Protein chains: 2
Amino acid sequence: MPHARVHNFSISLDGFATGEPQSLEAPFGHAGERLHEWMFATRFWDESGSAGVDDSFAQRNTVGIGAEIMGANKFGPPEWQDDPEWKGWWGDNPPFHSPTFVLTHRPRPPLAMEGGTTYHFLDASPAEALAAAFEAADGQDVRIGGGATVVRDFVAAGLVDFMHLVQVPIVLGRGSRVWDGLEAVEDDYGIEAVSAPSGVTHLTFTRKSAG
Amino acid sequence: MPHARVHNFSISLDGFATGEPQSLEAPFGHAGERLHEWMFATRFWDESGSAGVDDSFAQRNTVGIGAEIMGANKFGPPEWQDDPEWKGWWGDNPPFHSPTFVLTHRPRPPLAMEGGTTYHFLDASPAEALAAAFEAADGQDVRIGGGATVVRDFVAAGLVDFMHLVQVPIVLGRGSRVWDGLEAVEDDYGIEAVSAPSGVTHLTFTRKSAG
Ligand SMILES: NC(=O)c1ccc[n+]([C@@H]2O[C@H](COP(=O)([O-])OP(=O)(O)OC[C@H]3O[C@@H](n4cnc5c(N)ncnc54)[C@H](OP(=O)(O)O)[C@@H]3O)[C@@H](O)[C@H]2O)c1
Ligand SMILES: NC(=O)c1ccc[n+]([C@@H]2O[C@H](COP(=O)([O-])OP(=O)(O)OC[C@H]3O[C@@H](n4cnc5c(N)ncnc54)[C@H](OP(=O)(O)O)[C@@H]3O)[C@@H](O)[C@H]2O)c1
């Protein structure tokens, strides 16, 4: 059975997956690139990078994925919905290479990009969005791509089978926090932690009932 | 030079060092004993326990410590100040075996217990309390014993030289959170993480300027 998976989702020690304010100049606000430096240093990101534990986790991001779901705030800076020309942060050939569902209260028509990515804009419940993404994924898994609002909404709705968080040793203090509303998530998931020489700690959540 | 140190301070994934509500029946609220099971399984706590990585960290709690500082909510349940007979959770022979400073806005006279513990009740700033504790510690280090309010106040005031947190894989959702107000703490501390086979992750914070 296809699964819904979260990968390479980076958080600070205090659980923020982005800083603030989010803007065109600073997509992660005051967090800057600090949440993702661990990934930039892997072979997954750059072929001169390291192939150790961080890379092993990072590489799983794409394997077996047939569609992605993301939130409006991952797709663009505040007010992108007012700009009919906005096509996401990732240029003409986005790294998704699959149907990509953008959850927004202001949907627009689908947008076909190069390399197999088509953006579909959806105003729907998490369960409805996931059903649409599974159908588009054609038997493969669906990646829940973030941000924190979307990840926690999907976990809270019981829709996530596997989640990989990467805890970076910084305290952001403010932003969008992944833990809010997830009290007792350990009842539903087997949780493992492994710290890496880079300083980050990989946390995996495997749904107990997952087949 | 003597140091101010935090040891064995257990937090949930979302940073709570206790659940809620705190009461005589449930000192850690809905967290129960879950934050401390890792420690109960060590030789530090019980001589039939394990002597692995968790124990190595746990044992450092007492070495070279000459005094402790704790908050009012660690010393007793809400309203303990109304009970002239309240002598702390730890019985006649408390495990501190040294001068122990209880920060409270309703101080009372000192209380000498068995085994070398004397409780001193102090309404003072963190810096003043630490000065008093260093004096009482007579050249040894001072342990900042918690709870979260006291730990974060002392860290925010720049008074903590070393901090050992133990992240337990549960999400509490509510309680007293250690991270609040500590944005950018990584500027002042070298941070290391090591996950243990028990499932917890030990986080150490070593002050960059510490001698
Ligand atoms: N740390 C990481 O690894 C990572 C990964 C991905 C993203 N990010 C970052 O996280 C930030 C975004 O996170 P975020 O928590 O602010 O927001 P988000 O999860 O990206 O998006 C939330 C927004 O999506 C829309 N939305 C969500 N669910 C919906 C639904 N069921 N129906 C219709 N619309 C829905 C709403 O926007 P509207 O009401 O405006 O339409 C909502 O405010 C960005 O800075 C991004 O770069 C970080
Ligand atoms: N997870 C762990 O490893 C760990 C370790 C220790 C404790 N704990 C738990 O943490 C909980 C307590 O934490 P908490 O954050 O609620 O409270 P806390 O830090 O123990 O105490 C805070 C209280 O201490 C008093 N206080 C603090 N600073 C003061 C100052 N400078 N001057 C005068 N009074 C001052 C104030 O009480 P008043 O205004 O009422 O006087 C304040 O509300 C308990 O459940 C305890 O068992 C957990």
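In this predicted model, chains A and B bury about 1900 Å² between them, and carbon and sulfur atoms give 52% of that area. Three residues stand out on the chain A side: A:L13, A:V171 and A:E183 together supply 30% of the area that chain A buries against chain B, more than any other three residues. Counted by contacts, 26 residues of chain A meet 26 residues of chain B. The copies meet through the same surface, because 100% of the interface residues of chain A are also interface residues in chain B.

Now for the polar side of the interface. The rule picks out 13 residue pairs in polar contact across chains A and B, with both partners at pLDDT 80 or more. As for secondary structure, strand 10 (189–195) and strand 11 (201–207) are the elements of chain A that give two or more residues to the side touching chain B. Strand 10 of chain A has the largest share there, with four residues. Sorted by type, the residues on this side of chain A come out as 14 nonpolar, six polar and six charged.

Charge pairing comes next. Side chains of opposite charge can pair when their charged atoms come close. Over all chains, the search of the whole structure turns up 16 salt bridges, and the count between chain A and chain B is four. One salt bridge links A:E183 to B:R174, with the closest N and O atoms 2.8 Å apart. A:E183 thus turns up twice, since A:E183 is also one of the three residues that supply 30% of the area chain A buries against chain B. A second salt bridge joins A:R34 and B:E186, and here the closest N and O atoms are 3.1 Å apart. That pair runs between chains from loop to loop: A:R34 sits in the loop between strand 2 (16–18) and helix 1 (37–40) of chain A, while B:E186 sits in the loop between strand 9 (176–177) and strand 10 (189–195) of chain B.

How the copies are arranged is easy to put in numbers. A turn of 180° with a shift of 0.0 Å along the axis lays chain A on chain B with an RMSD of 0.0 Å. The two copies are therefore related as by a two-fold rotation axis. Within chain A, the C-alpha nearest that axis belongs to A:S195, at 2.7 Å.

On to the ligands, starting with ligand 1. There are 26 residues around ligand 1, and A:S10, A:H105, A:A124, A:T149 and A:S176 come nearest. Backbone atoms feature in several of the short distances. An oxygen atom of ligand 1 is 3.0 Å from a backbone N or O atom of A:G147. For A:V150, a polar backbone atom lies 3.1 Å from an oxygen atom of ligand 1, and for A:L103 the distance from a backbone N or O atom to a ligand 1 oxygen is 3.5 Å.

Ligand 2 is surrounded by 26 residues, the closest being B:S10, B:H105, B:A124, B:T149 and B:S176. One of these, B:A124, places a polar backbone atom 2.7 Å from a nitrogen atom of ligand 2. A polar backbone atom of B:V150 is 3.1 Å from an oxygen atom of ligand 2. The side chain also gets a look-in: an N or O atom in the side chain of B:H36 is 3.3 Å from an oxygen atom of ligand 2.

Finally, a few backbone details in chain A deserve a mention. The peptide bond from A:G146 to A:G147 is cis, with omega near 0°. A:G147 belongs to the loop between strand 7 (141–144) and helix 5 (148–156) of chain A, and has the backbone atom 3.0 Å from a ligand 1 oxygen noted above. Another cis peptide bond joins A:E20 and A:P21, with omega at about -10°. A:P21 is in the loop between strand 2 and helix 1 of chain A, where A:R34 is also found. A:H97, a residue other than glycine, has a positive phi near 50°. Its place is the loop between helix 3 (72–75) and strand 4 (99–103) of chain A.

Conventions: Residues are numbered from 1 along each chain as its sequence is written. Chains are lettered from A and ligands numbered from 1 in the order in which they are written. This is a predicted model: local features need pLDDT of at least 70, side-chain atom pairs count only at pLDDT 80 or more; totals for chains, interfaces and linings use all residues. Side-chain values use heavy atoms; hydrogens and water are left out. Contact means heavy atoms within 4.5 Å. Buried area is the accessible area (1.4 Å probe) that two parts lose on being put together, summed over both. A salt bridge is a side-chain nitrogen of Lys or Arg within 4 Å of a carboxyl oxygen of Asp or Glu. A polar contact is a pair of N or O atoms within 3.5 Å; within protein, one must be able to donate a hydrogen and the other to accept it, and residues adjacent in sequence count only if both atoms are side-chain atoms. Ala, Val, Leu, Ile, Met, Phe, Trp, Tyr, Cys and Pro count as nonpolar, Asp, Glu, Lys and Arg as charged, and the others, Gly among them, as polar. Copies are superposed by least squares on the C-alpha atoms of residues with pLDDT of at least 70 in both. A residue is near a molecule or strand if one of its heavy atoms lies within 4 Å of it.
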